[in-house]
Amino acid sequence: MVATLQENESNTSDRTTAWSSIIYISRQCKAKEIKQDMATAATCKPSLSGTLTTTGATGTSLVLTQQDDPADMSENLFAPDSSTSTDVEIGNENVKTALVSPSTEEYEILLKRLKDRIKIGQGETIYPIGTGEGDVPGLNVSDLEASIATLHTMAQTINADVIELRRKTEDKNLQVVEFLIRQRAEIDNFTEVRVAVVGNVDAGKSTLLGVLTHGELDNGRGYARQRLFKHKHEMESGRTSSVGNDILGFDSTGNVVNKPDHGNLDWIKICEESSKVITFIDLAGHERYLKTTVFGMTGHSPDFSMLMVGANAGVIGMCKEHLGLALALTVPVFVVITKIDMCPPNVLQDTLKLLQRILKSPGCRKIPVLVKSKDDVISSAMNFTSERICPIFQVSNVTGENLDLLQIFLNLLTPRIYCNESEPAEFQIDDTFSVPGVGTVVSGTCLKGMIKLNDTLLLGPDSLGQFIAIAIKSIHRKRMPVREVRGGQTASFALKKIKRSYIRKGMVMLSPAVEPVACWEFEGEVLVLHHPTTISTRYQAMVHIGSVRQTATIIWMSKEHLRTGDKATVRFRFIKSPEYLKPDMKLVFREGRTKAVGQTTRLFPHVHATAQNTRHHRARGHHTRPQNEPQKASKRNRNRNKNKTKDVAHFAENSVGKFASSSSKTSVEGVDDGQQPSVGPVVVNGS
């Protein structure tokens, strides 16, 4: 707070000095018109009219006149230009009393600034009242009520709701209030925030999501998670093995709208009533399903990552792996410690100490913040976008302790992907379906631009690196039919006249203005996190880049060998089909316990040589690319080919013997006569 006061005082003194200089120059140019003493000039501040006018406690204002003689204006070289007036407009908003009783011009300026802040925040912003220029922060009761009334009027103009977050009392009984201003979204244009849920097995990920989305506490024996599982073996084992999706809706006033009907959630009703929808990407915690977890973190483009830690188990197993994966993909992380109701206090303290030590380590460089009150939640949410803050929540799914703080934090999260509707559309596919009566359906994330119903996009690349034009038949968001989808939103498209077998995960749908080109090979800066031995050329591993998941071969490295902790430039080549990539995309390179991260730096466009990845080409290039060798035949086919080889050899041996005995004499006579030897008919077994 002291730093804030010092900063405000320095800003005030600098601004007063600037205004004094402007007034002094203007007085020298218009000495006959402006006759004020220097004491008055030292407290002058520009406004938007035309003369020096007194404004009470705020001093006097220098106003630009529009009725001046053109000759005088041409001679006055020191008159403020348009940029100076713009600076004045921006400066007026920073005064803590700007909302008390603004004039019509000031009100329009404040309203324009509020619209810009809401546009940047994608539908919402946190607006403080009582901070800015002044001796101390805070307003008295009358000024505060007038400012709140002005804020409500501006919010009503832009169809938004005002929610009070917190109220602080400063010195001299002055108050500072922070409000959340959120626009009322249209039915099909709600804001979406994606949160990936990761953590070690048995940390309580699915249970927490069941409690948050259905509003019922757990019984301690897995009751809440049963509604989230997709497969029978998941219900029997209690372990998630696939990528699950669950939603939590908030209306424009910040209240949860999830209301289960006979145990089931109506997604369409939730989306219609919500201004913001939190999409939870429930990922697997078992090491066996690491491939699925990595694809969920890369292919589903989460905005944030929620790391789950069991209080009784601590930071063990895949918890560190998932934390490292989120850090490598630069996804902001917040931690939720579960099962605090059944954990002894000393074990909980040991878990917190270990977790804080890991977050402060040089590999993470995070600032852990233990969230214990609503003030901590708001402060963490406002500073969470810096990616240095890591809030730590301690909750219980059985008693419901601190679940309200976690809901407030989720309500204040904003999307990280900013939508620019003027950019060409780009959509990455992460799953495909075949719906009876509808046809082929693809789901994924819109990364850029806007896609509307009946638009024609380019789908690809196929196995030959080509893109085909495809039309959008229908669009669904969270099972709700819509007419358009914007960047940063997930959606499902029904496509016209195409089979599901043609489409695979990792394909993209692009605007024709992009002119996409697929690539077989690419280079990337790679950091090896762990490898048991050494990595050399011709090494193969699974590469994850966005929704692309394919095995690639290392064909060149800037170093001869790579070991754990090494960093190098590596050139990869896909072994199955070309992919659509872009520079500076995050890269995850894994095979077994081998893990490496990095980003793409250079692409090599695909050359249309249709036979470059055929079996004939791989067999012919066996000596140069042994990794592309065709698969061996099955045991039955090998025995069958072996028998055929024996029959052919026996046939050839008999034929050559009879041919040699019957034609030896003729051959010798022909050679003696200087003629070509004549070959008679070959007789086999007397026929």
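Modeller: pLDDT is the predictor's confidence in each residue, from 0 to 100, and this structure is a predicted model.

Colleague: What average pLDDT does the chain have, and how many residues score at least 70?

Modeller: The chain averages 79 on that scale, with 74% of the residues scoring at least 70. Residues 609–631 fall below 50, although in the model this stretch makes 25 contacts beyond near neighbours in sequence; residues 658–687 are likewise below 50, with ten such contacts. Where pLDDT is low, the predicted coordinates should not be read in detail.

Colleague: What makes a residue count as buried, and what percentage of the chain is buried?

Modeller: A residue is called buried when its relative accessible area is under 20%, and 46% of the 687 residues in the chain are buried.

Colleague: Why is the space of about 850 Å³ called a pocket and not a cavity?

Modeller: A cavity is a set of points where the probe fits but cannot get out, whereas a pocket is an open set; the space of about 850 Å³ is listed as the second largest pocket, so by that definition it is open. Of the 37 residues lining this pocket, the closest to its centre are Gly-324, Leu-327, Ala-328, Leu-529 and Val-597.

Colleague: Which element gives the largest share of that lining, and what is the character of the lining residues?

Modeller: Helix α11 (318–328) gives the largest share of the lining, eight residues. Other elements that give two or more residues include β23 (519–530) and β28 (594–605). By residue class, the lining of this second largest pocket divides into 18 nonpolar, seven polar and twelve charged residues, with Gly counted among the polar ones.

Methods. Residues are numbered from 1 along each chain as its sequence is written. This is a predicted model: local features need pLDDT of at least 70, side-chain atom pairs count only at pLDDT 80 or more; totals for chains, interfaces and linings use all residues. Side-chain values use heavy atoms; hydrogens and water are left out. On a 1 Å grid over the protein atoms alone, a cavity is a set of points where a 1.4 Å probe fits but cannot get out, and a pocket is an open set with protein on both sides within 12 Å along at least five of seven lines; lining residues have an atom within 4 Å of a point. Grid points are joined across faces, edges and corners, and a volume is the space filled by probe spheres set on the points. Helices (H or I, at least four residues) and strands (E, at least two) are DSSP runs, numbered from the N terminus. Buried means under 20% relative accessible area, exposed over 50%, partly exposed in between (1.4 Å probe, protein chains only). Contact means heavy atoms within 4.5 Å.
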